[in-house]
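Student: Got a minute to go through a model with me? I'd like to start with the sheet and then wander.

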Amino acid sequence: QVQLVEAGGGLVQAGGSLRLSCAASGRSFSDYAMGWFRQAPGKEREFVAAISRSGGSTYYVDSVKGRFTISRDNAKNTVYLQMNSLKPEDTAVYYCNAWTAFTTDQAMDVKGTSWDYWGQGTQVTVSS
């Protein structure tokens, strides 16, 4: 079992920055890939970013490339999502998740069906 707890959400003006963090516990952190999804009201869940077990490979949805950066600290069992140049359309609940079976020779699952564990989510609101 893996427990995930997100932090760092909040209200920010357009153009501002936030850093989300997600602390993991319950299993060796470096055994699984980590990712972030988001869901805005009335919209489907959307893949945002992911990072491989070692941190050597990262993946992003096109809409956040160049603005968001995912990173992980395996010594602290924590994954981060640095979000810069935020836009009102980034407003959503952001979920941290873990994929225990992922390897870098696989295609990234952007639908979320392969991801084993999910956090409770943290609200990010970007005002215009």
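Tutor: Sure, this is a predicted model, and we can take the sheet, the disulfide, the aromatics and a few loop residues in turn.

Student: OK, what's the strand order in the open sheet of 4 strands?

Tutor: The order is β1-β3-β8-β7, and the pairing is antiparallel. β1 (3-7) and β7 (68-73) are the edge strands with a single partner each, so one side of each has no neighbour in the sheet. From one strand to the next, the twist averages 15 degrees.

Student: How many bridges join β1 to β3?

Tutor: There are 5 bridges between β1 and β3 (residues 18-25). Within that antiparallel pair, Glu6 sits opposite Cys22 of β3.

Student: And on the other side, how many bridges do β3 and β8 have?

Tutor: β3 and β8 pair over 6 bridges, antiparallel again. Leu20, for instance, has Leu81 in β8 as its bridge partner. β7 and β8 also pair in the antiparallel sense, over 6 bridges, and there Ser71 is matched with Tyr80 of β8.

Student: Is β8 largely enclosed or open?

Tutor: Enclosed: 5 of the 6 residues in β8 (residues 78-83) are buried, so the rest of the structure largely surrounds that strand.

Student: What links β7 to β8?

Tutor: The two strands form a hairpin with 4 residues between them. Asn77 lies in that turn and has a positive phi of about 55 degrees. Asn77 is partly exposed, at 29% relative accessibility.

Student: Why would that phi catch your eye?

Tutor: Because most residues other than glycine have a negative phi. Ser85 is another case with a positive value, near 50 degrees. Ser85 belongs to the loop between β8 and β9, and its relative accessibility of 41% makes it partly exposed.

Student: Switching topic: which cysteines form a disulfide?

Tutor: Cys22 and Cys96 do, with their sulfur atoms 2.0 Å apart. The structure holds 1 disulfide. Cys22 is in strand β3 and Cys96 in strand β9 (residues 92-99), so the bond ties together distant parts of the chain, 74 residues apart.

Student: Which hand does the link have, left or right?

Tutor: Left-handed, with -75 degrees about the S-S bond.

Student: And are the two cysteines buried or exposed?

Tutor: Both Cys22 and Cys96 are buried. Cys22 is also the residue opposite Glu6, so to speak, across the β1 and β3 pairing.

Student: Now the aromatics. How many aromatic pairs does the structure hold?

Tutor: It holds 7 aromatic pairs. One of them is Tyr59 with Phe102: the ring centres are 5.8 Å apart and the planes meet at 90 degrees, so that pair is edge-to-face. Tyr59 is in strand β6 and Phe102 in the loop between β9 and β10, 43 residues apart. Phe102 is buried, at 1% relative accessibility.

Student: How are the rings of Trp99 and Trp115 arranged?

Tutor: Their centres are 5.3 Å apart with the planes at 55 degrees, so the pair is tilted. Trp99 is in strand β9, while Trp115 is in the loop between β9 and β10, 16 residues apart. Trp99 is buried at 4%, and Trp115 is buried at 4%.

Student: Which residues form the aromatic cluster?

Tutor: Phe37, Phe47, Tyr59, Trp99, Phe102, Trp115 and Trp118 form one cluster. Arg45 has its charged end over the ring of Phe37, 5.8 Å from the centre.

Student: What sits over the ring of Phe29?

Tutor: The charged end of Arg72, 4.3 Å from the ring centre.

Student: Last bit, the loops. What does Ala107 contact beyond its sequence neighbours?

Tutor: Leaving aside neighbours within four places, Ala107 contacts Trp99 and Phe102. Ala107 is in the loop between β9 and β10 (117-118) and is exposed, with a relative accessible area of 65%.

Student: And Ser57, where is that?

Tutor: Ser57 is in the loop between β5 (46-51) and β6 (58-60), and counts as partly exposed at 24% relative accessibility. Beyond four places in sequence, Ser57 contacts Ala50, Ile51, Ser52 and Thr104. The C-alpha atoms of Ser57 and Thr104 are 7.4 Å apart, although the two are 47 residues apart in sequence.

Key: Residues numbered from 1 in each chain as written. Predicted model: local features only at pLDDT ≥ 70, side-chain atom pairs only at ≥ 80, totals over all residues. Heavy atoms only, no water. Pairing = 2+ DSSP bridges. Axes fitted to C-alpha atoms, helices over the stretch in contact; angles between N-to-C directions. Buried < 20%, exposed > 50% of the residue type's maximum accessible area, 1.4 Å probe, protein only. Contact = heavy atoms within 4.5 Å. Disulfide = S-S within 2.5 Å. Phe/Tyr/Trp six-rings, centres within 6.5 Å; stacked < 30°, edge-to-face > 60°. Lys NZ or Arg CZ within 6 Å of the ring centre and 35° of its normal.
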